[in-house]
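Please study the sequence and the structure shown below before reading further. The paragraphs that follow lead from one pairing of strands to the wider chain.

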Amino acid sequence: MIRVTLDLTCSVCHHDQFFLPLPDSDQRHVRCTRCMAVKCHTADLEKAMIALNREKRDAARVA
Ligand SMILES: [Zn+2]
């Protein structure tokens, strides 16, 4: 699981940090890091993955 801050909030506790499944996992659920409620936002998940990959790539370029 990867912990990320997303541009969306938990419907239960309004927290904005979520655990994402690893890209190679079959899971497509996003879980709130605070209350562990499952949110299923596939489109947002894809966006988050793209942002995450971009961050990693930029970090690699700097290093
Ligand atoms: Zn929550």
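Which residue in β3 is the bridge partner of F18? In this predicted model, the partner of F18 in β3 is C32. The two strands concerned, β2 and β3, pair in the antiparallel sense over two bridges. F18 also has a bridge partner in another strand, for V4 is paired with F18 of β2. V4 belongs to strand β1, residues 2-5, and four bridges join β1 to β2 in an antiparallel arrangement.

These strands may now be placed in the whole chain. The chain has four strands and one helix, and from the N terminus the order of the elements is β-β-β-β-α. Of its 63 residues, 10% count as buried. Among contacts between residues at least 6 apart in sequence, 26% join residues at least 24 apart.

Where do buried nonpolar residues come together? The largest nonpolar core consists of five residues, namely C10, F18, L20, V30 and C32. Two elements, β2 (17-20) and β3 (30-32), give two or more residues to this core. Both F18 and C32, the bridge partners discussed above, are thus found among the core residues.

The side chains of β2 deserve separate attention. In a regular strand, side chains alternate between the two faces of the sheet. Along β2, F18 and L20 point to one face and are buried, whereas Q17 and F19 point to the other and are not. Why does F19 count as partly exposed? F19 has 15 C-beta neighbours inside 10 Å, and a residue is called buried only if 20 or more lie within that distance, and exposed if 12 or fewer do. Leaving aside neighbours within four places in sequence, F19 is in contact with M1, I2, R3, R31 and T33. F19 and V38 are 19 residues apart in sequence, and their C-alpha atoms are 9.5 Å apart in space.

Finally, two loop residues call for comment on their backbone angles. Most residues other than glycine have a negative phi. H14, although not a glycine, has a positive phi of about 65°; H14 is located in the loop between β1 and β2. H14 counts as exposed because it has 10 C-beta neighbours inside 10 Å. M36, likewise not a glycine, has a positive phi of about 65° and lies in the loop between β3 and β4 (38-39). With 11 other C-beta atoms within 10 Å, M36 is exposed.

Conventions
Residues are numbered from 1 along each chain as its sequence is written. This is a predicted model: local features need pLDDT of at least 70, side-chain atom pairs count only at pLDDT 80 or more; totals for chains, interfaces and linings use all residues. A nonpolar core is a set of buried Ala, Val, Leu, Ile, Met, Phe, Trp, Tyr and Cys residues joined through C-beta atoms within 7 Å. Two residues are in contact if their C-beta atoms, placed from the backbone, lie within 7 Å. Two strands pair if DSSP finds at least two bridges between them.
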